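Colleague: I would like to go through this structure with you and hear the reason behind each label.

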Amino acid sequence: MKVAYLLQVLSAAACLCAAEDSGPGWQWSWACKSGRCVKSEYPISYASSRGISNITRKSQSACRLTCGQYGALWPHPTGPTTIGEQVVAFHPSIIRFDLLEVVDSGRGTREYLAACTQLFLDNLLVECGANCSVVSDTDVYVRLVTRSQDLTLNWNTDETYTLDIVTSSRVNSVTVNIRAETVYGARHGLETLSQLVARVPAPLGGGGRGHSSPRKHLLIMATNVRLSDAPIFRHRGLMLDTARNFLPLYAMKRTLDAMAASKLNVLHWHATDSQSFPLESPRVPQLARRRFGAYSSRQVYTPQDVAYLLEYARLRGVRIIMELDAPSHAGNGWQWGEAAGLGQLAVCVNQQPWRKYCIQPPCGQLNPTNPNLYRVLRDLYRDILDIFPRGEPLHMGGDEVYFPCWNSSAEIVNWMEARGQGRGQADFLQLWADYQSTALGTLDEEVGHSNTPIILWSSHLTEPGVIESFLNKDRYIIQTWVPASSSLPVELLAKGYRVIYSTKDTWYLDHGFWGSTVYHNWRVVYDNRIPRKAGVLGGEACMWSELVDNQSLDAKVWPRTAAMAERLWADPETRSSSAEARFYRHRQRLVTRGIRADAVSPAYCYQNEGECQ
Amino acid sequence: MIVALLICYTKEFLPDFIIRMTLLLLLMVSFIATGNWAQERVWTWQCQEGRCVKQLLQRNETPQGLEACKLVCDIYSTLWPRPTGKVELGRVLVPINYNAITIIGISGEGRALSENVGQLFSTAADNFRNRLTTMFKKQEQRTSGGKSLQVQVTIHDSSTRTLTMESDESYELYISEADYSQVHCNIVSAQFFGANYGLETLSQLTTFDDAADNLVIMRDVNITDSPAFPFRALVLDTARNYFSVASIKRTIDGMAASKLNTFHWHLTDSHSFPFQSSTYPQLSQYGAYTPQQIYTPQDITSVVEYARARGVRVLPEFDAPAHVGEGWQWAGPNVTVCVNAQPWNKYCVEPPCGQLNPTNDTVYEILGGIYHDIFALFDSDMFHMGGDEVNFECWRSSLDIVNWMTSQGMGQTNDDYLQLWDMFQKKAYMKVVEANGGNEIPIVLWTSHLTAEGAIDKYLDNEIYIIQIWTTGRDAAIANLVNKGFRVIFSNYDALYFDCGFGAWVAEGNNWCSPYIGWHKVYMNNPYTLLTNLGVDVSPGTAARELVLGAEAALWTEQVDESSLDGRFWPRAAAMAERLWSNPDEGWQQAEYRMLAHRERLVQRGIQSEALEPQWCYQNEGSCPSQG
């Protein structure tokens, strides 16, 4: 029985996979040779290919699906992985999901995974594309098994899963087992399963031929798959800056789709900066909604938007960490203090000549000497806490504080003098540290405990020589944005701080378009290794948006961020050159899913693996 | 909202309650008094010394929107490229009614336009209306308030439909208020091309003012305009990666918005052959990436006609004898040589390798068919034969070629191969003439060994050949070309190669011509200045000046496909457009605000242009760093 079935699978594969999308009757084929899909020397016409049952003739996507150790998977699994050569045709409409073994006593795990299966099916339908009209009679049965009911997504979440695909003894039936501790692991399993699927043209003679009617398509799935998978790093992030230029909600959703496809799990949202404050705060409406800080009344994120995005992200295994950058990188949005009787909340806002007061225009820093500032911050924190899950870290920014700005404010200078402080570097550093601890105290009071993890950018305050006198290592996580050559991260690790790497000379996606910066191509992004040490949470690619808005966001972020995703998920010993074929396929996948990822090579190189090295 | 705010602050700051209450009440009163409660308008823009300054809206002040301010503030308004003749701008905006716009075209004698030109004109008028439509963010904004707009366009030449190097692209534009209910606009041009540009300029003098909630147009305008250079081009490579017809048309939209007039189509390369030849359909059957990724004759005709109605010439390139490979596999042995040879760096500059075999007669037979098909579809007044990066090692690796050369008494030196190449070029040119109905036609060639000093006099005729320069702008060979009387097109890679600055796709590091070229550099790339710096006198009236046809920005697409096409071209191509249309004496600084406005215009029209700075800088003109 089993033998008979396998034969059927084999012959199905032969006739189904023999042609890529074809109109006028010609086709190329690919064959897997030592891990590479090799294009045939000549195209052949449909007519002559009919009846050929040579298993090695495949469409490109079918070939890539099972060729090499990891087929078309991105990022590649970290445990033992086998992907059999056999494939089976199926249609997304006849997949059944079994959630009975998802442990759920009413906490919502089953509901969560049911939503994930819907997203999974959407991805399959997109993959199958137009004319996905061939209905196969293969039953696909996907069994999800999870044990934990914990829906928390944080650095301790277990993201491991195993996946196997077996052809059952019953004819025309395939069983997929995805086993995970948590629903988030299971979600990753479904993502992997979606990458074990490819679109192929329908068999000939089935009404799909001819010049007038477009060729029909269906999906094939790899069979005899067995793999186990777990990420190397637990913080795999992308930072988006929505202040230099506003990003509409749909752009952020698109980005989250691509993050989910690449198994990234943190969207770090640099929501505000000195240029604009698009985040609407119900308790402090002047910041954004009253248009002091937003570019226009349309360019704001309402609390509903944020809540929506949080849920959108969670369903994709991604959490959102909010950054409210302070005390620097704050200006527009904070100008109303005096008119409201609160005094100056920020100083040197939009001051010119800007070079005297800040790193880039417009200038602006919060006024740490104004007690009303902390009342406003308290309200802002309350608004954030209302929306974000309990215990979620807050990124408090803390980069590029520019002392000449504070030094230019009579109010601040007088305040410091009255306390017998000087105006030297150390005095301003202390002022900054005092701001940080007061702001943190305010947050803690609102949260009700002092356990919220706080992330700060590396800065003067985080210099190894001084950091311990300002920042508690159990409380603060440092996001380093120094070059790969810098010893800062290692020094901070040695002092017991936890670190997130945003290696500036590889993972800064805005580089190459301003000043003397150099573009970091996907190979550089991929080849950047960070130490696997206790305390290293992971890494983040950063999309600063001075020169990016919705128009070119995708091309700047993708597919390069996917290259980082494999580095952080799998941290392979090998370099980018070994990942090329899978990476090109993943770029294609992102484009298929509606992300306008940049091209990284001529299509020729995608079709002729290994010929462009 | 104010109420909510009050509650929240009374809870928080009870001690200062009274003072704060008073201030908030004041604020509240000011909002009510200005009547802008509904729009929550806090800001207004005022034109001060040529820049729009963002200010808090005062009591009783009528707000001015940012776009409206930009339209009246700069001495060249938001016009891109800026006009070259008379520019009298009333700097007063009049509301117009979107639903009451009439556009009529008439001939020089005041009659209806001939069918030839009338058909083009009617498309141009539709395009004008469509551009206005994109200015509205919502359908409801198209209210019937405002004056009616009458546009009368006079086109003297009633027969010319095809843009050539001799075409007249100039126009005159007048806008005045006829009476209380009407605004009149007159556009006068010699040929259709000028009329089309006049309509573009007219749409650039119109905007939706979100403060007045109406479409507005500038009144009391008198503009005369014509281009500094006749050849203003982009080249798109559709062989390294394929581009859909829709994306090509979008590129042409951007060109028309910026008064660029030539779309140079690098149809094929060694990587793929998407051009569907009617004579030899095998070429694209073998050479297209997929059977869908081809350009059928219908596709090409639709692009050519689309471009024509936008004043754009489509200049086809069939690159040879190098940059061929995929698509020729069926033609038999020795038609092409070293196709897909490895290690590629021995035989070509990038994989896959491939060159035509100049000693094989089948080559010319097939070329003749291809040229024939191309000439049947395009009607450009020039043809591009490529001719770049011929690798002699590739030819040397072919026993067939070496034997043939020996039989002809030729040696194996580079000079011998140069002669072989020359033979190819002459024979191929004969086929081109044949395809062109026996008529000579100007040929564009890329700079190469064949155009180098010493070779060019021997091999190329300056009556026929136009040389497209792709070295740096400082290359002394450029002076030689002009001194030898060749017409030239500048695509100096250090300013006009828009693919630079990204990852190298065949090696470590970034691509060969990195870094990325910013718009400032593109803007400052003046062909006359480059030649002057090389010691060539190109002052007005010199013969040398006449030889400079213009410039062309290039997008080689090894690392670009449809996903990021727009961002690579735009808005940088627009920076070149102003250089070529207006050729201003001033630097990019005077163009900055207009450039930013034009970028927004392109986005509004559906072109996904790269961002040039934070939106804050757009809203606060003059407050951001100059990075040039």
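The exchange below takes up disulfides, burial, one sheet and the contact between the chains.

Modeller: One caution at the start: this is a predicted model.

Colleague: What makes C128(A) and C132(A) a disulfide?

Modeller: Their sulfur atoms lie 2.1 Å apart. The cut-off is within 2.5 Å, so the pair qualifies.

Colleague: Why is that disulfide of C128(A) and C132(A) called right-handed or left-handed?

Modeller: The torsion about the S-S bond is about 90 degrees, so the disulfide of C128(A) and C132(A) is right-handed. C128(A) and C132(A) are both buried.

Colleague: How do you know that C52(B) and C69(B) form a disulfide?

Modeller: The sulfur atoms of C52(B) and C69(B) are 2.3 Å apart. A disulfide needs them within 2.5 Å, so this pair counts too. The torsion about its S-S bond is about -110 degrees, so the disulfide of C52(B) and C69(B) is left-handed. The pair links distant parts of the chain. C52(B) sits in strand β2 (residues 51-56) of chain B and C69(B) in helix α3 (residues 66-73) of chain B, 17 residues apart. Both cysteines, C52(B) and C69(B), are buried.

Colleague: And what is the handedness of the disulfide of C617(B) and C624(B)?

Modeller: The sulfur atoms of C617(B) and C624(B) are 1.9 Å apart. The torsion is about -80 degrees, so the disulfide of C617(B) and C624(B) is left-handed.

Colleague: Why is C624(B) called buried?

Modeller: Its relative accessible area is 18%. Buried means under 20%, so the label holds. C617(B), at 5% relative accessibility, counts as buried as well.

Colleague: Where do C542(A) and C185(B) fall, buried or exposed?

Modeller: C542(A) has 0% relative accessibility and counts as buried. C185(B), at 1%, also counts as buried.

Colleague: How many disulfides does the structure hold over all chains?

Modeller: There are 12. With bonded cysteines counted along the chain, chain A follows 1-4, 2-3, 5-6, 7-10, 8-9, 11-12. Chain B follows 1-4, 2-3, 5-8, 6-7, 9-10, 11-12.

Colleague: Now the sheet. Why do β6 and β11 of chain A count as edges?

Modeller: The sheet is open, with three strands in the order β6-β12-β11 (chain A) and antiparallel pairing. β6 (87-90) and β11 (197-201) of chain A each have a single partner strand, so one side of each is left without a neighbour in the sheet. From one strand to the next, the twist averages 40 degrees.

Colleague: What makes β6(A) and β12(A) a pair?

Modeller: Four bridges join β6(A) to β12 (residues 217-222) of chain A, running antiparallel. At least two bridges are needed, so the two strands pair. In β12(A), I220(A) stands opposite A89(A).

Colleague: Which helix lies across β6, β11 and β12 of chain A?

Modeller: Helix α4 (residues 109-128) of chain A does, running at about 125 degrees to β12(A).

Colleague: Last, the interface. What makes R587(A) and D561(B) a salt bridge?

Modeller: Their side chains meet at 2.7 Å, N to O. The limit is within 4 Å, so the contact qualifies. Across the interface of chain A and chain B the rule finds five salt bridges.

Colleague: How many residues of each chain are in contact, and what area is buried between chain A and chain B?

Modeller: 75 residues of chain A are in contact with 72 residues of chain B. The buried area is about 6300 Å², with 51% of it from carbon and sulfur atoms.

Definitions and conventions
Residues are numbered from 1 along each chain as its sequence is written. Chains are lettered from A and ligands numbered from 1 in the order in which they are written. This is a predicted model: local features need pLDDT of at least 70, side-chain atom pairs count only at pLDDT 80 or more; totals for chains, interfaces and linings use all residues. Side-chain values use heavy atoms; hydrogens and water are left out. Helices (H or I, at least four residues) and strands (E, at least two) are DSSP runs, numbered from the N terminus. Axes are lines fitted to C-alpha atoms, for helices over the stretch in contact, and angles run from 0 to 180 degrees between N-to-C directions. Contact means heavy atoms within 4.5 Å. Buried means under 20% relative accessible area, exposed over 50%, partly exposed in between (1.4 Å probe, protein chains only). Buried area is the accessible area (1.4 Å probe) that two parts lose on being put together, summed over both.
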